[in-house]
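Biologist: Mind walking me through this one? I'd like to begin with the ligand and then look at the fold.

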Amino acid sequence: MDFHNTDDAVTRRIKAMSDRLTYLRTSDLYFYNQPVEEILGGAKVRVRGREMGMYASYSYLGLVGHPRINEAAKKAVDKFGTGTNGVRTLAGTLTIHNELEETIANFKHAESAITYSSGYATNLSVISTMMGRGDYVFSDKINHASIVDGCLMSGAEFRRFRHNDMEHLEGLLKNAPEDVSKLVIADSVFSMDGDIIDLPKVVELCRKYHAWLMIDEAHSVGVLGGKGTGIEEHFNLYGAIDIKMGTLSKTIPSVGGYVAAKKEIVDYLRHASRAYIFSAALPPAQAAAANEAFKVILDEPWRIVRLTENTKQFIGGLKSMGFDTLLTETAIVPVLCGEDDTAFAMTREAQHNDVFVLPVVSPAVQEGLARLRATVTAAHDPSEIERAMDVIGEAGKKLGLIK
Ligand SMILES: *Cc1c(COP(=O)(O)O)cnc(C)c1O
């Protein structure tokens, strides 16, 4: 017996999703949530029994499965077990957590760092701890969902500037009352488009209008700068960002999120941000893996060189075939498709030819800008990239995206 009202808004929402999913599944257009059965070497995976080239991974430097990192994780399990005794503030802090935070602070050229159990939780908690009612937060239109959610949760006045449009940002800053706290926040590398925030200009505006600056480095660590330390290195603007946020789940093959900043800011967050105080500490294996991964990046700079070369090959090749890859300059390479169903069909063609790539559709991106969101990593071989581009090219011809 079902006691729910069968025509309320919740029921309608669930039904609409269910209908959409049924359509996609029966049309062989649904490729989300597929389990990877095995990680093979060289950016290859086994999915549905088939060996596929992986072009949807965030492991930009190919560090998943790195022997040194695996070893560090195993040692931490032997030493500390698999869980902690609770939250960091109380009994959950282990020496490995403090080591990790020191490693992050050094890597990010910051005084101090604090970690959280995910990047998503980091943005939610940090933004809503820094900002509150009456304050003003300025966010790029295509910032990551966790930033948007953090801004909404803070209760601050929420202003969105057109993507990477510094004139628009300046206009909004100028219009805000002079005596309020202001925070400007943006992705370093935009997670759906792959382009880079105009940091020099943002920094200039923040100084001019007395705004704090927070940058999300989820996709710039290991990707930007000769040493892979991120966007400040890329623009040679060390110390320009007040709050350098990042995740431990992308280039760093673990899980968790962090903020690197001045000591006072980190101390404030450690005693005021709710995701730190009310959620369990990172498991020892994940903390140790992350700690080792930052060191591997510095010890193996050839990975960054390789990623840069592969990125050039991939973007250059797709562009020369006639694809629109927007303004990407990084390992995130959007292949514009237009309608959602075209992006789904492109995915089907690619995956049927053993190229594991995934579509991003609305509402994650603007309607009409659905795309394959392909990524390239240091683990790819140039000949594999060539093959993947052939497959994507054939699919694009078949679906009329290119000639
Ligand atoms: C992935 C991502 C996050 C969230 O990080 P998780 O550690 O996966 O929760 C935050 N911001 C950006 C820009 C991201 O791409």
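Biologist: How many residues surround the ligand?

Modeller: Bear in mind that this is a predicted model. The closest residues to the ligand are G119, D216, H219, T247 and K250. Counting everything with a heavy atom within 4 Å, the number that surround the ligand is 15.

Biologist: And what classes of residue are in that shell around the ligand?

Modeller: Nonpolar residues contribute two, and charged ones three. Glycine goes in with the polar class here. That polar class has ten residues.

Biologist: Which helix gives the largest share of the shell?

Modeller: The share in question is three residues. They come from the helix spanning residues 119–130, and that's α5.

Biologist: Which side chain has an N or O atom 2.6 Å from a nitrogen atom of the ligand?

Modeller: Let's sort the contacts by ligand atom. With a ligand oxygen, the side chain of H219 has an N or O atom at 2.6 Å, and the side chain of T247 has one at 2.8 Å from a ligand oxygen. For the ligand nitrogen at 2.6 Å, the side chain is that of D216.

Biologist: How much of the ligand's accessible area does the protein cover?

Modeller: On its own, the ligand has 380 Å² of accessible area. The part of that covered by the protein is 86%.

Biologist: Back to α5: is it roughly parallel or oblique to α6?

Modeller: Helix α6 takes in residues 145–154, and its axis is 8 Å from that of α5. The two pack at an angle of about 30°, and their crossing is right-handed. Angles under 35 degrees count as roughly parallel, so α5 is, relative to α6, roughly parallel.

Biologist: What about α1 and α14, oblique or roughly parallel?

Modeller: Helix α1 (residues 9–26) and helix α14 (residues 340–352) have axes 12 Å apart and pack at an angle of about 40°. That angle makes α1, relative to α14, oblique.

Biologist: And which hand does the crossing of α1 and α14 have?

Modeller: Here we want the sense in which α1 passes α14. That crossing is right-handed.

Biologist: Now the backbone: which peptide bond is cis?

Modeller: Most peptide bonds are trans. Look in the loop between β13 (359–360) and β14 (370–375), where P363 sits. With omega near 10°, the cis bond is the one from S362 to P363.

Biologist: Which residue other than glycine has a positive phi, near 50°?

Modeller: Most residues other than glycine have a negative phi. The residue you're after lies in the loop between α4 (95–107) and β4 (112–116). With phi near 50°, that's H109.

Key:
Residues are numbered from 1 along each chain as its sequence is written. This is a predicted model: local features need pLDDT of at least 70, side-chain atom pairs count only at pLDDT 80 or more; totals for chains, interfaces and linings use all residues. Side-chain values use heavy atoms; hydrogens and water are left out. A polar contact is a pair of N or O atoms within 3.5 Å; within protein, one must be able to donate a hydrogen and the other to accept it, and residues adjacent in sequence count only if both atoms are side-chain atoms. Accessible areas come from the Shrake-Rupley method with a 1.4 Å probe; for residues, only the protein chains shown count as cover. Helices (H or I, at least four residues) and strands (E, at least two) are DSSP runs, numbered from the N terminus. Axes are lines fitted to C-alpha atoms, for helices over the stretch in contact, and angles run from 0 to 180 degrees between N-to-C directions. Angles under 35 degrees count as roughly parallel, over 145 as roughly antiparallel, 65 to 115 as roughly perpendicular and the rest as oblique. A crossing is left-handed if the near helix is turned anticlockwise from the far one by less than a right angle, and right-handed if clockwise.
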